Amino acid sequence: MTTDSFTATDHAMMARALRLAERGAYTTKPNPMVGSVIAHGEEIVGEGWHERAGEPHAEVHALRVAGERAKGATAYVTLEPCAHTGRTGPCADALIAAGVSRVIAAMRDPFPQVDGAGFDKLRAAGIEVASGLMEAQARALNRGFLSRVERGRPWLRVKLATSLDGRSALANGESKWISGEASRLDVQHWRARSGAIVTGAGTVLADDPALTVRMGDDTPFVPPLRVVLDPGLATVARGRVREGDAPTLYLHAPDAKPPRGLLAQHAAVPLRDGRFDLHAVLALLAERGVNEIQLEAGATLAGAFLGAGLVDEVLLYVAPVLLGERARPMFDGLAIDTMTQKLKMAIVESRYIGQDIRLLLRPESTV
């Protein structure tokens with residue numbers, strides 16, 4: 001079946017499945033977000049989403065709701081059903097046992113233990129299989145998971161608050177608060193979907209951030225890993241980043257000596273020209289199952305990641321204030337001398353958050 005063969009009903013059901021999948025944004029990591037709808041024509045008889053890593057997948061939830069009515073139905077799922085046994089059983093087997101007649105997936109799962117095996121198992125059981133319906137939307141939803149599996153590194157988002165004249169802090173480093181309260185609350189939702197929040201030792205020493213998620217309600221979430229890039233481990237004995245229930249990981253230079261009795265997680269990362277090898281930093285976090293990183297750091301570290309071509313998107317809160325020429329820029333160290341060197345950004349989304357404007361930007365080379 002080609003993408004042109006999908007009906008309006010197919011599109012409507014997959015759109016519903018994608019909305020369901022997004023409900024797991026804060027809780028499924030490191031697993032992908034997946035939604036499923038079981039239907040006879042336009043009648044939905046079961047639906048569900050993957051709610052938390054280690055618990056039943058979306059298809060299982062949907063089949064439980066559908067019960068006997070799953071027989072002969074079409075199962076819509078935002079990602080290829082798994083065919084292996086991990087912490088849960090294979091979803092392809094569950095769909096076969098339920099007697100569905102057709103499975104439509106938004107996309108193939110590139111995870112090596114799946115990667116077409118789910119489709120093969122379904123077809124071998126006589127089930128009609130089609131994929132590619134609303135694939136772009138499905139890929140956008142799970143951009144972090146796909147980045148980790150396909151590129152070997154997490155999706156990297158830089159969060160910044162800036163004045164109208166493009167300044168992220170005063171000359172003395174003070175940045176509280178450029179953006180408004182509504183923006184600071186909005187950031188919590190982006191933190192909650194992240195697998196890790198990364199900062200530098202300079203930010204810990206200057207601002208003493210907690211880097212925790214503060215939703216202000218009962219919304220469930222898995223606390224992201226807090227990561228401090230600290231070559232000499234100068235911050236391990238101080239700072240709110242060590243407090244609370246969220247885990248903390250210190251990344252340090254190979255020759256740094258962790259103090260005796262250090263209980264926090266720590267790992268050595270190779271240096272390149274005296275600075276962290278940022279590619280190695282991301283590879284290490286990918287190995288730890290991190291899908292999305294939110295970088296909340298100063299201009300030097302933000303500029304280093306951007307200059308290395310490792311920034312996938314910028315979450316920018318523009319406040320209606322001016323900080324003047326002595327204030328610090330958003331990115332440092334880019335060494336752009338001619339207009340031909342300019343880094344072009346595409347605006348993916350813009351909206352008002354209180355009095356601020358929130359922009360979601362991506363380098364044009366990645367759009």
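**Entry 1: strands 8 and 14**

I looked up V198 in this predicted model and found that V198 stands opposite L295, a residue of strand 14. I then took the two strands as a pair: strand 8 (residues 196-200) and strand 14 (residues 292-295) run in the parallel sense and are joined over three bridges.

**Entry 2: the sheet around them**

I followed the pairing outwards and noted an open sheet formed by nine strands, with mixed pairing, in the order 11-10-9-8-14-6-15-18-17. At the edges I found strand 11 (265-268) and strand 17 (345-353), each with a single partner strand, so that one side of each has no neighbour in the sheet. For the twist I noted an average of 20° from one strand to the next.

**Entry 3: helices on the sheet**

I next asked which strands helix 6 (residues 143-151) touches as it packs on the sheet. I listed strand 6 (155-162), strand 14, strand 15 (313-318) and strand 18 (356-363), and I noted that the direction of helix 6 makes about 135° with that of strand 6. Helix 10 (residues 299-307) also packs on the sheet, where I found it touching strand 6, strand 8, strand 9 (225-229) and strand 14, its direction making about 135° with that of strand 14.

**Entry 4: helices 2 and 3**

I turned to helix 2 (residues 58-66) and helix 3 (residues 91-98), whose axes come within 9 Å and cross at roughly 20°. Because angles under 35 degrees count as roughly parallel, I recorded helix 2 as roughly parallel to helix 3. The crossing of these two helices is left-handed. On the side of helix 2 I noted E59, V60 and L63, which meet C91, A94, L95 and A98 of helix 3. Sorted by class, the contact of helix 2 with helix 3 has six nonpolar residues, one charged residue and no polar ones.

**Entry 5: a salt bridge from helix 3**

I found that the structure holds 19 salt bridges, and I looked up one of them, between K121 and D93, where the closest N and O atoms are 3.2 Å apart. K121 lies in helix 4 (residues 117-124) and D93 in helix 3, so this pair ties together parts that are 28 residues apart in sequence.

**Entry 6: A280**

Last, I located A280 in helix 9 (residues 278-287). What is A280 in contact with, leaving aside its neighbours within four places in sequence? I found V269 and P270. I also checked A280 against S179, and noted that the two are 101 residues apart in sequence and 32 Å apart in space, C-alpha to C-alpha.

Note on methods
Residues numbered from 1 in each chain as written. Predicted model: local features only at pLDDT ≥ 70, side-chain atom pairs only at ≥ 80, totals over all residues. Heavy atoms only, no water. Axes fitted to C-alpha atoms, helices over the stretch in contact; angles between N-to-C directions. Helix = DSSP H or I, 4+ residues; strand = E, 2+ residues; numbered from the N terminus. Parallel < 35°, antiparallel > 145°, perpendicular 65-115°, else oblique. Left-handed = near helix turned anticlockwise from the far one by under 90°. Contact = heavy atoms within 4.5 Å. Nonpolar A, V, L, I, M, F, W, Y, C, P; charged D, E, K, R; others polar. Pairing = 2+ DSSP bridges. Salt bridge = Lys/Arg side-chain N within 4 Å of Asp/Glu carboxyl O.
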